[in-house]
Structure formats: C-alpha cells, structure tokens
Amino acid sequence: MFLLINVGLFVFLLFNMEYWKTYFLTNAFLILSYIWFNYIRLFAEETKKQDFKPLKGDVGYSVIVPCKDEKPELLRACVRSIINQTDSYKKEVIIINDGSKNKDVIIELKKIKNMNPNFDITIIDLEENRGKRFAHYSSFMMAKYDFVISMDSDTSIGDDAIYKLLRPFSDRRIGATTGNILVKNESINLLTRMQAALYWVGLSIHKKSQSRMDSIICCSGCLSAYRKEILLKVRDEYYNQIFLGKPCIAGEDRHLTNLVHLNGYRVVFVEDSISYTEVPDKFSTYIKQQRRWKSSFYRESLYILANFYPQSKRIFFEVLWISVNNILNLSMRLMAVVLLISNITYFIAVILPAWLLYVITVNSLIFLNEPKTAVWYIPYLFVYAFLLYFMNVYTIINPVAKSWGTR
Amino acid sequence: MKIRKWVEWLVVFSLLGIITVYTFFSIGVPSMRLVSAYSEEPRNFYYNNWMEINLAGMLNLLYNNDFEITKMNHTFNEIVGEYEFTRTEEAFVVNVTGFKDYSYRECDVLRKLMEHPEILARFPEIDDEDSNIPMWRLNGVNCLHTQGGGIATALGISSGGVS
C-alpha cells in the first residue's frame with residue numbers, strides 16, 4: 001500500500017511536473033508543523049517541568065535482566081550498578097539466562113550470585129533460547145515487588161537512576177517511566193559516535209517532547225519501569241502478539257508501552273535517570289539492529305492506528321502524522337532525484353539550501369547543547385539519507401524480522 | 001530557566017521561523033497561486049501577479065478546459081514610477097470556460113505552448129501588419145514586444161500593451 005501510494009504519486013508527478021510544488025508544499029507543511037509542535041512541547045517542558053514527589057511507604061522494585069551470550073564484563077557491570085543503587089527501597093534482581101551458549105556467561109552468573117550473598121538475586125536458567133518476551137513473560141510473575149524495572153544486560157545505570165525513575169509513580173495515573181540513555185562505547189569509532197548523537201536527539205528532543213503530552217511511543221528496553229499490576233494484566237497479550245500470522249520477536253518494548261497506554265495509564269520520560277549502554281560498533285550489526293527497530297516501528301504504528309482511536313487520541317494522531325510524513329517522504333526523495341537531473345540549477349538554488357537549512361534547524365538544539373556530539377550527527381544524516389531511509393522500503397516489503405539479529 | 005537556555009530557545013525558534021518563512025515564501029506562495037489558478041472562482045490576473053508559476057497554471061487550464069479566443073477592447077494599466085497610465089486597446093482575449101478573461105503576456109507562454117502543438121493549433125496567428133510596434137517571431141509564432149521593452153507580450157495581447 002505504502003509503495004503503491006508512493007509509486008503512483010511519483011509517476012503522477014513525473015508526468016505532471018506543475019503539481020510538484022503543491023505536493024512539496026503539502027509535505028513541507030506536514031514536516032514543519034510537526035517540528036514546531038515538537039519544539040513547542042519541549043519548550044513547555046523546559047520552562048515548566050513536570051514535578052513528581054518521591055514515593056512514600058513500603059516501596060520495592062524488581063529488576064529484570066534477560067541476557068543471552070552477553071559479554072561477562074558488561075553483565076557484571078550491569079548487576080553491580082543495580083546493587084550500588086543509593087535508594088532505600090527493597091529490591092531484587094532477576095536475571096534470565098536465555099539459552100546462552102557462551103559458558104563464560106554461565107560462569108559469570110554463578111560468580112555474581114556467590115559474590116553478593118546478601119543481595120536478592122534470582123537466576124533463571126533457560127536451556128534453550130526462548131526470546132526476550134518469554135524471559136519477561138516468565139519473570140513478571142516472579143517479581144516480588146510492585147514496580148518492575150526492565151533493563152538490558154549490556155546496560156549499567158547511575159547510582160540514583162532507579163530512585164529517579166520511580167518518582168513519577170507517586171502519581172497513580174502513571175503506568176510506566178523510561179530513563180535517559182548515554183552511549184558507553186561512544187569513542188570507539190565513527191559509527192558509535194554517530195549513534196551517540198542520534199541517541200541524544202532521539203531522547204533529549206523527541207522523547208522528552210513526547211513526554212510532555214503523554215505520547216511516548218516507546219519505553220526503552222535499556223531502562224524502563226512499570227507498575228507490576230499492569231504487566232500482570234497484559235502479560236498474555238504481550239507474549240502472544242502475532243503479526244501477519246507470525247509470533248512477534250522484536251519490538252517488545254514498543255508493544256509493552258502500547259499496552260500500558262491502552263490500559264489508560266500515562267508514560268513519562270525521566271531525563272535525569274541515566275543509563276549507559278553499548279551500541280553496535282560494527283556496521284553489519286548496526287544494520288541488523290536497525291532492521292529490527294524499523295520492523296517493530298511499522299508493526300506497532302499499525303497497531304496504534306488500529307487500536308488507539310478514540311481511547312488515546314494524542315498518540316493516534318501523532319503516529320498518523322508521522323506515518324503520513326513517511327509515506328509522502330519517499331516520493332519527495334524520488335522527486336528530488338528527478339529535479340537534480342532535470343533542473344540542476346533549481347535543485348542547487350532552492351532544494352539544497354532548503355534541505356541544509358532544514359537539517360540545521362531541526363537539530364539546532366543538539367548543536368547548541370552538545371556541539372562535540374552534534375558534529376557526528378552530520379555524517380549520520382548522510383548515512384540516513386542514502387542508506388537507512390531506504391531500509392524503510394525494504395522493511396515494508398519484508399515487514400517481519402525473522403530473528404533478533406544482534407543477540 | 002537560565003538566560004543561556006532562553007538564548008538557546010530564541011535561536012531555535014528563530015531558525016525554525018527562518019526555515020518556515022523560506023519554505024512557504026519560496027515554494028509555498030507560488031504553489032498557492034498555482035492552486036488558485038484551478039479555483040473555480042472567476043479571477044483576473046494582472047501584470048504584477050504574473051509569475052512563472054502562473055504559466056503552468058494557465059497551461060493546465062487550457063489543457064483541461066474549453067476556451068475560445070476573441071478580440072475585444074481591453075483596458076491596460078501601466079505604472080511608471082509614481083504615474084499610472086490607463087488605456088484601452090483591442091486585445092486578443094482567451095476566454096476559458098468558467099473563468100473570466102485571461103491575457104497572455106509572456107513569450108515564455110509561447111515557448112511552453114510550442115511543446116504542445118495541439119493547444120497551439122487552437123490559437124489564431126497574430127497579424128503583425130495590424131501592429132505598429134516592434135514584433136518578432138518565435139518558431140513561426142508571433143510574439144509582440146512591449147513598447148517599453150519589458151515583458152514581451154504574446155498571444156492574446158493587443159498591440160504591445162504592458163498591463
């Protein structure tokens with residue numbers, strides 16, 4: 001459908017060149033209005049932050065860490081960072097060894113358990129790989145406390161990250177929170193530096209902005225917290241999600257966020273709850289990760305469009321807005337190529353400056369706040385324009401990611 | 001919020017403003033004119049509104065509508081500095097069904113029309129002997145120069161009026 005619309009639009013514009021400016025105007029209006037909307041929300045958040053009181057009473061949390069063939073040192077750092085939390089809440093860690101073949105992981109898990117006898121650590125050892133959803137599914141029931149923290153095994157967190165992550169739960173309407181992510185291995189190469197910049201933009205601009213109007217569409221797998229009562233309610237639906245007749249493997253964080261919304265709860269982003277994660281440092285791994293993310297993006301966007309209206313209008317319209325932008329975008333890129341060939345003067349005089357201005361403008365906040373990181377965002381834009389964007393097309397043709405890819 | 005933050009936001013919103021204005025005024029406004037050309041509301045187009053984009057609009061109108069060309073007296077207004085001159089002259093006027101009169105004033109129209117002989121064939125050839133102003137031909141089609149040497153007038157325009 002996406003391709004049909006785009007190809008149809010492209011062919012129409014190709015033979016009716018006089019319409020292309022009207023088409024571009026429509027596209028520009030959608031994109032610019034979304035940027036304005038995003039920045040106004042962000043400005044509102046900056047000027048009047050949502051303030052939450054600390055949780056009171058008998059509070060406890062269970063941290064769930066699924067792992068498969070994780071590097072032992074990362075796993076150790078992950079558990080260590082949980083143990084080192086400075087809060088006074090009751091806590092436990094549930095580590096699910098999801099069929100790791102690397103024996104070092106199993107040895108490391110035993111070491112962790114033995115070295116921390118006073119800390120409540122449970123290790124579930126699955127003989128075969130059942131996937132992250134199953135790891136979650138089985139551990140939600142085991143969690144002793146009212147709040148469940150979902151973490152990745154390659155992620156470590158700041159000393160007070162969980163305390164800050166749990167603060168918003170003092171508001172009963174909040175069902176989930178998600179933390180900020182910094183890249184642990186940022187300085188390895190160009191790819192990791194680019195991803196660090198991308199994370200900054202994704203979280204400190206987009207997610208923070210979405211948080212203002214309760215339209216966060218994904219609680220990061222790296223660090224998120226949920227009310228256990230919601231997880232128990234949606235557990236079966238979460239685990240048994242089917243898309244195009246096949247069980248869903250990836251995108252569990254997005255689906256869980258959707259289920260929280262559908263149960264009438266709010267989701268907020270906690271900027272100062274910091275986690276540090278590893279990002280792919282090889283291009284092939286990065287592409288696999290992107291494939292997985294894009295696949296779940298489209299699947300969950302369809303889920304939202306099919307299920308969220310009229311219950312969660314804000315998210316419905318936001319996703320609709322983004323989807324229409326994406327659909328129109330492909331024809332625009334193809335038209336840009338046609339213009340480049342047919343009217344290079346116009347392309348250089350009008351299209352190129354507009355694009356450059358657009359790129360600088362929409363990312364101006366990172367250039368002002370984190371100029372050193374922002375520098376690496378520029379090469380990323382080219383990678384996106386010439387490679388990653390077209391992965392959308394591939395993903396739409398092959399919407400189901402058959403495997404996790406990076407585990 | 002600290003002063004630095006306010007400055008940051010001032011910069012962000014200024015840049016957003018620039019890109020919005022740039023987009024809508026370099027691309028948007030002419031596009032809106034194009035859209036207006038398809039409007040069924042009767043409109044008059046005047047010299048100062050004649051931008052390139054209107055040519056495409058006109059072409060489309062001719063493609064999609066029946067039209068006839070007649071001679072009639074047309075009033076032209078010309079502004080030179082602070083003076084405005086008005087004169088009535090005989091003009092070829094294209095009447096497009098459902099619209100008011102349109103007059104073609106730029107030879108660019110002709111150049112575009114040359115690509116569409118099926119439209120061009122429906123235009124009468126201008127008799128240059130009736131004109132007392134400089135004329136030239138473009139691929140066999142008459143174009144009239146304006147007296148002031150500015151915008152070239154073409155099909156449908158009387159003897160060289162800049163209106």
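Begin by selecting A:Asp214, which counts as buried at 16% relative accessibility, and keep in mind throughout that this is a predicted model. A:Asp214 sits in the loop between α7 (190-212) and β7 (223-227) of chain A, and its phi is near 55°, a positive value in a residue other than glycine. As background for this stop, most residues other than glycine have a negative phi, and most peptide bonds are trans.

Next, select A:Leu244, where phi is again positive, near 50°, in a residue other than glycine. The loop that holds A:Leu244 runs between β8 (242-243) and β9 (246-247) of chain A. Is A:Leu244 buried or exposed? With a relative accessibility of 56%, A:Leu244 counts as exposed.

A further backbone stop is the peptide bond from A:Tyr309 to A:Pro310, which is cis, with omega near 5°. A:Pro310 belongs to the loop between α10 (283-307) and α11 (313-342) of chain A.

Now colour the strands of chain A and look for the open sheet of eight strands, which follows the order β3-β2-β1-β4-β7-β6-β10-β5 with mixed pairing. At its edges stand β3 (121-126) and β5 (156-157) of chain A, each with a single partner strand, so one side of each is left without a neighbour in the sheet. To follow one of these edges, select β5(A) together with strand β10 (residues 266-277) of chain A, which pair in the antiparallel sense over two bridges; A:Ser156 has A:Tyr276 in β10(A) as its bridge partner.

The tour then turns to aromatic rings, of which the structure holds 24 pairs over all chains. Select A:Tyr137 and A:Tyr239, a stacked pair whose centres are 4.5 Å apart, with 25° between the planes. Because A:Tyr137 lies in helix α5 (residues 132-142) of chain A and A:Tyr239 in helix α8 (residues 228-239) of chain A, this pair ties together parts that are 102 residues apart in sequence. A:Tyr137 is buried at 17% relative accessibility, while A:Tyr239 is partly exposed, with a relative accessible area of 25%.

Staying with A:Tyr137, add A:Arg235 to the selection, and find its charged end over the ring of A:Tyr137, 3.9 Å from the ring centre. A:Arg130 can be viewed in a like manner, since it lies over the face of A:Phe134, at 3.9 Å from the ring centre.

For a stop that includes residues of both chain A and chain B, select A:Trp36, A:Tyr39, A:Phe43, B:Trp6, B:Trp9 and B:Phe13, which form one aromatic cluster.

Finish with helix α15 (residues 377-397) of chain A, whose 21 residues reach 28 Å from the first C-alpha to the last, close to the 30 Å expected at 1.5 Å a residue. Where is the kink in α15(A) centred? The kink, of about 50°, is centred on A:Tyr384. A:Tyr380 and A:Tyr384 both lie in this helix, four residues apart, about one turn of the helix. In general, an α-helix has 3.6 residues a turn, so residues three or four places apart point the same way. A:Tyr380 is buried, with a relative accessible area of 8%, whereas A:Tyr384 counts as partly exposed at 24% relative accessibility. Other positions can be selected along the helix, and the buried residues of α15(A) include A:Leu381, A:Val383, A:Leu388, A:Met391 and A:Val393.

Methods
Residues numbered from 1 in each chain as written. Chains lettered and ligands numbered in written order. Predicted model: local features only at pLDDT ≥ 70, side-chain atom pairs only at ≥ 80, totals over all residues. Heavy atoms only, no water. Expected span 1.5 Å × (residues − 1). Bend = angle between axes of the 7 residues up to and from the residue. Buried < 20%, exposed > 50% of the residue type's maximum accessible area, 1.4 Å probe, protein only. Phe/Tyr/Trp six-rings, centres within 6.5 Å; stacked < 30°, edge-to-face > 60°. Lys NZ or Arg CZ within 6 Å of the ring centre and 35° of its normal. Pairing = 2+ DSSP bridges.
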